[in-house]
Amino acid sequence: MESIKKLEDVDKYVDKYFLRTKEILEKEGLNPYVRAQVFVRNGPGIIAGIDEAIEFIDNNSNLRKNGGRIYALRDGKDYSPKETQMIIEGRVNDFVTLETLYLGIISSAITKLNDGVDIDLSKIESNARSIVDISGRPLIYFGARHWHYSKDRDIAEAAFKGGATGASTDIGAEVMGLSGVGTIPHILENVYAFKYGKNRAVVEASKAFDKYMPKEIPRVALIDYNNNEIVDSLNSAKEVSSLFALRVDTCGENVAQGALPKNADEY
(Lines give C-alpha, C1' and ligand atoms only; values in the text may rest on other atoms or scores of the structure.)
Protein backbone atom coordinates (compact mmCIF):
# COMPACT_ATOMS: atom_id res chain seq x y z
CA MET A 1 0.00 0.00 0.00
CA GLU A 2 1.32 3.43 -0.98
CA SER A 3 -0.04 5.24 2.08
CA ILE A 4 1.86 8.13 3.66
CA LYS A 5 0.78 8.65 7.25
CA LYS A 6 1.07 12.44 7.15
CA LEU A 7 1.47 14.10 3.77
CA GLU A 8 3.60 17.22 3.95
CA ASP A 9 2.27 20.18 1.94
CA VAL A 10 -0.99 18.30 1.36
CA ASP A 11 -2.64 21.39 -0.15
CA LYS A 12 -0.28 21.20 -3.15
CA TYR A 13 -2.04 17.98 -4.21
CA VAL A 14 -5.57 19.40 -3.90
CA ASP A 15 -7.70 20.60 -6.82
CA LYS A 16 -7.53 24.35 -6.44
CA TYR A 17 -11.28 24.85 -6.26
CA PHE A 18 -11.47 22.85 -3.02
CA LEU A 19 -8.90 25.14 -1.40
CA ARG A 20 -10.90 28.15 -2.56
CA THR A 21 -14.10 26.55 -1.30
CA LYS A 22 -12.67 26.15 2.20
CA GLU A 23 -11.48 29.75 2.19
CA ILE A 24 -14.92 31.01 1.15
CA LEU A 25 -16.75 28.87 3.71
CA GLU A 26 -14.45 29.97 6.53
CA LYS A 27 -14.93 33.63 5.61
CA GLU A 28 -18.70 33.08 5.48
CA GLY A 29 -18.73 31.23 8.81
CA LEU A 30 -20.26 28.16 7.17
CA ASN A 31 -19.28 24.69 8.39
CA PRO A 32 -22.35 22.42 8.36
CA TYR A 33 -22.35 18.72 9.20
CA VAL A 34 -22.56 16.93 5.84
CA ARG A 35 -22.59 13.45 4.33
CA ALA A 36 -20.53 12.51 1.27
CA GLN A 37 -21.08 9.24 -0.60
CA VAL A 38 -18.37 7.68 -2.77
CA PHE A 39 -19.26 5.28 -5.57
CA VAL A 40 -17.80 3.86 -8.78
CA ARG A 41 -19.85 4.11 -11.98
CA ASN A 42 -18.22 1.19 -13.78
CA GLY A 43 -18.54 -2.39 -12.61
CA PRO A 44 -19.13 -4.89 -11.26
CA GLY A 45 -15.72 -5.34 -9.74
CA ILE A 46 -13.65 -5.84 -6.61
CA ILE A 47 -13.26 -3.03 -4.08
CA ALA A 48 -9.77 -1.62 -3.61
CA GLY A 49 -8.15 1.48 -2.15
CA ILE A 50 -10.74 2.01 0.59
CA ASP A 51 -8.43 1.07 3.47
CA GLU A 52 -5.74 3.45 2.23
CA ALA A 53 -8.26 6.23 1.63
CA ILE A 54 -9.57 5.95 5.19
CA GLU A 55 -6.05 5.93 6.60
CA PHE A 56 -5.24 8.99 4.53
CA ILE A 57 -8.30 10.90 5.78
CA ASP A 58 -7.60 9.92 9.39
CA ASN A 59 -3.98 11.03 9.23
CA ASN A 60 -4.55 14.27 7.32
CA SER A 61 -7.67 15.72 8.94
CA ASN A 62 -9.47 16.33 12.22
CA LEU A 63 -12.62 14.62 10.96
CA ARG A 64 -13.00 12.02 13.71
CA LYS A 65 -11.59 14.32 16.40
CA ASN A 66 -14.44 16.71 15.67
CA GLY A 67 -17.14 14.03 15.76
CA GLY A 68 -17.06 12.85 12.15
CA ARG A 69 -17.49 9.26 11.01
CA ILE A 70 -16.53 7.06 8.07
CA TYR A 71 -18.51 4.02 6.95
CA ALA A 72 -17.12 1.81 4.21
CA LEU A 73 -17.15 -1.54 2.48
CA ARG A 74 -13.92 -3.47 2.78
CA ASP A 75 -11.19 -4.02 0.23
CA GLY A 76 -11.54 -7.33 -1.59
CA LYS A 77 -15.35 -7.38 -1.52
CA ASP A 78 -17.44 -7.37 -4.69
CA TYR A 79 -19.25 -4.18 -5.70
CA SER A 80 -21.95 -3.26 -8.21
CA PRO A 81 -21.99 -0.17 -10.47
CA LYS A 82 -22.97 2.98 -8.53
CA GLU A 83 -23.06 1.08 -5.24
CA THR A 84 -21.94 3.31 -2.37
CA GLN A 85 -18.51 2.18 -1.22
CA MET A 86 -17.76 4.81 1.41
CA ILE A 87 -19.73 7.39 3.39
CA ILE A 88 -18.03 10.31 5.12
CA GLU A 89 -19.94 12.30 7.71
CA GLY A 90 -18.57 15.36 9.44
CA ARG A 91 -18.03 19.09 9.40
CA VAL A 92 -17.44 20.03 5.79
CA ASN A 93 -14.29 22.04 6.44
CA ASP A 94 -12.66 19.04 8.12
CA PHE A 95 -12.44 17.12 4.84
CA VAL A 96 -13.47 19.34 1.91
CA THR A 97 -9.88 19.72 0.70
CA LEU A 98 -9.15 15.98 0.75
CA GLU A 99 -11.61 14.89 -1.95
CA THR A 100 -9.05 15.01 -4.75
CA LEU A 101 -6.71 12.73 -2.86
CA TYR A 102 -9.02 10.08 -1.41
CA LEU A 103 -10.86 9.73 -4.74
CA GLY A 104 -7.52 9.35 -6.53
CA ILE A 105 -6.44 6.66 -4.10
CA ILE A 106 -9.62 4.66 -4.66
CA SER A 107 -9.85 5.24 -8.42
CA SER A 108 -6.28 4.18 -9.14
CA ALA A 109 -6.47 1.09 -6.93
CA ILE A 110 -9.74 -0.09 -8.50
CA THR A 111 -8.44 0.55 -12.02
CA LYS A 112 -5.23 -1.39 -11.40
CA LEU A 113 -6.99 -4.33 -9.78
CA ASN A 114 -10.02 -4.68 -12.04
CA ASP A 115 -8.71 -3.47 -15.39
CA GLY A 116 -5.04 -4.30 -15.04
CA VAL A 117 -4.22 -0.80 -16.27
CA ASP A 118 -1.48 1.52 -15.06
CA ILE A 119 -0.67 5.03 -16.20
CA ASP A 120 0.99 5.43 -19.60
CA LEU A 121 2.71 8.81 -19.69
CA SER A 122 3.45 8.64 -23.41
CA LYS A 123 -0.23 8.01 -24.15
CA ILE A 124 -1.24 10.91 -21.92
CA GLU A 125 1.11 13.18 -23.84
CA SER A 126 -0.18 12.02 -27.24
CA ASN A 127 -3.83 12.30 -26.15
CA ALA A 128 -3.24 15.84 -24.88
CA ARG A 129 -1.61 16.74 -28.18
CA SER A 130 -4.57 15.34 -30.13
CA ILE A 131 -7.04 17.36 -28.08
CA VAL A 132 -5.07 20.56 -28.54
CA ASP A 133 -4.68 19.97 -32.28
CA ILE A 134 -8.37 19.17 -32.80
CA SER A 135 -9.84 21.88 -30.58
CA GLY A 136 -7.37 24.68 -31.17
CA ARG A 137 -8.14 25.90 -27.67
CA PRO A 138 -6.28 25.94 -24.32
CA LEU A 139 -6.26 22.58 -22.49
CA ILE A 140 -6.18 22.36 -18.70
CA TYR A 141 -5.42 19.05 -16.96
CA PHE A 142 -8.11 18.34 -14.35
CA GLY A 143 -7.57 14.61 -13.82
CA ALA A 144 -5.89 14.62 -10.41
CA ARG A 145 -8.78 12.79 -8.75
CA HIS A 146 -8.51 9.86 -11.14
CA TRP A 147 -5.07 8.66 -10.05
CA HIS A 148 -2.96 8.35 -6.93
CA TYR A 149 -1.70 11.73 -5.77
CA SER A 150 1.91 10.50 -5.82
CA LYS A 151 1.66 10.34 -9.63
CA ASP A 152 -0.05 13.68 -10.23
CA ARG A 153 3.09 15.66 -11.01
CA ASP A 154 4.25 13.11 -13.60
CA ILE A 155 0.84 13.00 -15.28
CA ALA A 156 0.61 16.79 -15.39
CA GLU A 157 4.09 16.98 -16.89
CA ALA A 158 3.04 14.58 -19.66
CA ALA A 159 -0.06 16.68 -20.31
CA PHE A 160 2.07 19.84 -20.53
CA LYS A 161 4.40 18.13 -22.99
CA GLY A 162 1.32 17.44 -25.09
CA GLY A 163 0.35 21.10 -25.12
CA ALA A 164 -1.71 21.62 -21.97
CA THR A 165 -1.55 25.12 -20.56
CA GLY A 166 -2.59 24.53 -16.96
CA ALA A 167 -3.38 22.01 -14.20
CA SER A 168 -5.81 21.93 -11.32
CA THR A 169 -3.25 21.24 -8.58
CA ASP A 170 -0.19 23.20 -7.54
CA ILE A 171 1.95 20.04 -7.59
CA GLY A 172 1.01 19.54 -11.24
CA ALA A 173 1.17 23.16 -12.33
CA GLU A 174 4.57 23.79 -10.78
CA VAL A 175 6.08 21.71 -13.59
CA MET A 176 5.60 24.80 -15.74
CA GLY A 177 6.23 27.31 -12.97
CA LEU A 178 2.50 27.92 -12.58
CA SER A 179 -0.14 27.63 -9.85
CA GLY A 180 -3.18 25.37 -9.95
CA VAL A 181 -6.43 26.69 -11.38
CA GLY A 182 -10.11 26.07 -10.71
CA THR A 183 -13.23 27.90 -9.65
CA ILE A 184 -16.40 26.34 -8.17
CA PRO A 185 -16.94 22.65 -7.29
CA HIS A 186 -20.23 20.92 -6.53
CA ILE A 187 -19.60 20.81 -2.79
CA LEU A 188 -19.63 24.61 -2.52
CA GLU A 189 -23.07 24.71 -4.11
CA ASN A 190 -24.23 21.93 -1.79
CA VAL A 191 -23.39 24.10 1.20
CA TYR A 192 -25.17 27.10 -0.32
CA ALA A 193 -28.18 24.90 -0.96
CA PHE A 194 -28.12 24.17 2.78
CA LYS A 195 -28.14 27.92 3.49
CA TYR A 196 -30.39 29.29 0.72
CA GLY A 197 -32.23 26.30 -0.76
CA LYS A 198 -31.59 24.36 -3.97
CA ASN A 199 -33.03 26.98 -6.30
CA ARG A 200 -30.53 29.60 -5.08
CA ALA A 201 -27.48 27.35 -4.67
CA VAL A 202 -25.74 28.17 -7.95
CA VAL A 203 -26.25 31.92 -7.85
CA GLU A 204 -25.37 32.35 -4.17
CA ALA A 205 -22.24 30.19 -4.46
CA SER A 206 -21.17 32.19 -7.51
CA LYS A 207 -21.79 35.47 -5.70
CA ALA A 208 -19.71 34.29 -2.72
CA PHE A 209 -16.88 33.30 -5.04
CA ASP A 210 -17.07 36.72 -6.66
CA LYS A 211 -17.03 38.40 -3.24
CA TYR A 212 -13.99 36.68 -1.77
CA MET A 213 -11.71 35.56 -4.58
CA PRO A 214 -9.05 37.79 -6.19
CA LYS A 215 -10.42 39.72 -9.16
CA GLU A 216 -7.93 38.20 -11.60
CA ILE A 217 -9.58 34.77 -11.20
CA PRO A 218 -12.28 34.29 -13.88
CA ARG A 219 -15.81 33.98 -12.46
CA VAL A 220 -17.10 30.70 -13.92
CA ALA A 221 -20.48 29.52 -12.57
CA LEU A 222 -20.90 25.76 -12.22
CA ILE A 223 -24.24 24.92 -13.82
CA ASP A 224 -25.52 21.47 -12.95
CA TYR A 225 -26.97 21.77 -9.46
CA ASN A 226 -30.61 20.65 -8.98
CA ASN A 227 -30.92 19.96 -12.76
CA ASN A 228 -31.97 23.55 -13.52
CA GLU A 229 -29.40 24.35 -16.20
CA ILE A 230 -31.43 26.94 -18.10
CA VAL A 231 -32.80 28.80 -15.09
CA ASP A 232 -29.49 28.75 -13.20
CA SER A 233 -27.59 29.97 -16.28
CA LEU A 234 -29.97 32.90 -16.77
CA ASN A 235 -29.99 33.82 -13.09
CA SER A 236 -26.20 33.67 -12.88
CA ALA A 237 -25.89 35.95 -15.89
CA LYS A 238 -28.33 38.40 -14.33
CA GLU A 239 -26.96 38.44 -10.79
CA VAL A 240 -23.21 37.92 -11.05
CA SER A 241 -22.05 41.10 -12.72
CA SER A 242 -18.46 39.96 -13.29
CA LEU A 243 -19.44 36.56 -14.68
CA PHE A 244 -16.86 35.30 -17.17
CA ALA A 245 -18.39 31.99 -18.28
CA LEU A 246 -20.81 29.18 -17.51
CA ARG A 247 -19.60 25.63 -16.97
CA VAL A 248 -22.53 23.35 -17.85
CA ASP A 249 -21.72 20.00 -16.27
CA THR A 250 -24.85 17.86 -16.10
CA CYS A 251 -23.95 14.52 -14.53
CA GLY A 252 -24.58 11.24 -16.32
CA GLU A 253 -27.50 10.37 -14.06
CA ASN A 254 -29.53 13.43 -15.12
CA VAL A 255 -31.15 14.80 -18.25
CA ALA A 256 -30.45 18.46 -18.83
CA GLN A 257 -33.31 20.90 -18.26
CA GLY A 258 -35.08 21.47 -21.57
CA ALA A 259 -33.75 18.28 -23.14
CA LEU A 260 -37.24 16.74 -22.92
CA PRO A 261 -40.38 18.44 -24.28
CA LYS A 262 -41.84 20.85 -21.74
CA ASN A 263 -44.00 23.93 -21.74
CA ALA A 264 -41.80 26.70 -23.11
CA ASP A 265 -43.54 29.18 -20.84
CA GLU A 266 -41.70 27.60 -17.88
CA TYR A 267 -38.49 29.22 -19.04
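Asparagine 93 is found in helix H3, and this residue makes a convenient way into the predicted model described here. Because its relative accessibility is 11%, below the 20% cut-off, asparagine 93 counts as buried. Once its neighbours within four places in sequence are set aside, asparagine 93 is in contact with Lys22, Leu25, Glu26, Leu30 and Asn31.

Three of these partners, Lys22, Leu25 and Glu26, lead to helix H1, which spans residues 16-28. H1 has 13 residues and reaches 19 Å from its first C-alpha to its last, close to the 18 Å expected at 1.5 Å a residue. Its buried residues are Lys16, Tyr17, Phe18, Leu19, Arg20, Thr21, Ile24 and Leu25. Packed against them are H3 and H4, helix H7 (170-173), H8, helix H9 (201-212) and strand E9 (243-248). Just after H1 comes glycine 29, with a positive phi of about 70 degrees.

Helix H1 also takes part in the largest pocket, which holds about 1,700 Å³ of space. The lining of this pocket is made up of 44 residues, and those closest to the pocket centre are Phe39, Arg41, Glu99, Leu103 and Arg145. Two or more lining residues come from each of helix H1, strand E1 (33-39), helix H3 (92-95), helix H4 (99-115) and helix H8 (186-196). Among the contributors, H4 gives the most, with nine residues. Sorted by class, the lining has 22 nonpolar residues, together with 11 polar and 11 charged ones.

Helix H4 appears again in the surroundings of helix H2. Helix H2 covers residues 50-59, and seven of its 10 residues are buried, so this helix is largely enclosed by the rest of the structure. The residues in question are Ile50, Glu52, Ala53, Ile54, Glu55, Phe56 and Ile57. Their cover includes strand E3 (69-72) and strand E5 (84-91) as well as H4.

It remains to place these parts within the whole. The secondary structure of the protein comes to 10 helices and nine strands. For 267 residues, a compact globule would have a radius of gyration near 18 Å, and the 19 Å found for the protein agrees with this. Along the principal axes, the C-alpha atoms fill a box of roughly 55 × 50 × 40 Å. Buried residues make up 45% of the 267 residues. Of the contacts with a separation of 6 or more, 75% join residues that lie 24 or more positions apart.

Notes
Residues numbered from 1 in each chain as written. Predicted model: local features only at pLDDT ≥ 70, side-chain atom pairs only at ≥ 80, totals over all residues. Heavy atoms only, no water. 1 Å grid on protein atoms, 1.4 Å probe; cavity = no way out; pocket = protein on both sides within 12 Å on 5 of 7 lines; lining within 4 Å. Points joined across faces, edges and corners; volume = space filled by probe spheres on them. Helix = DSSP H or I, 4+ residues; strand = E, 2+ residues; numbered from the N terminus. Nonpolar A, V, L, I, M, F, W, Y, C, P; charged D, E, K, R; others polar. Buried < 20%, exposed > 50% of the residue type's maximum accessible area, 1.4 Å probe, protein only. Contact = heavy atoms within 4.5 Å. Expected span 1.5 Å × (residues − 1). Rg over C-alpha atoms; globule rule 2.2 N^0.38 Å.
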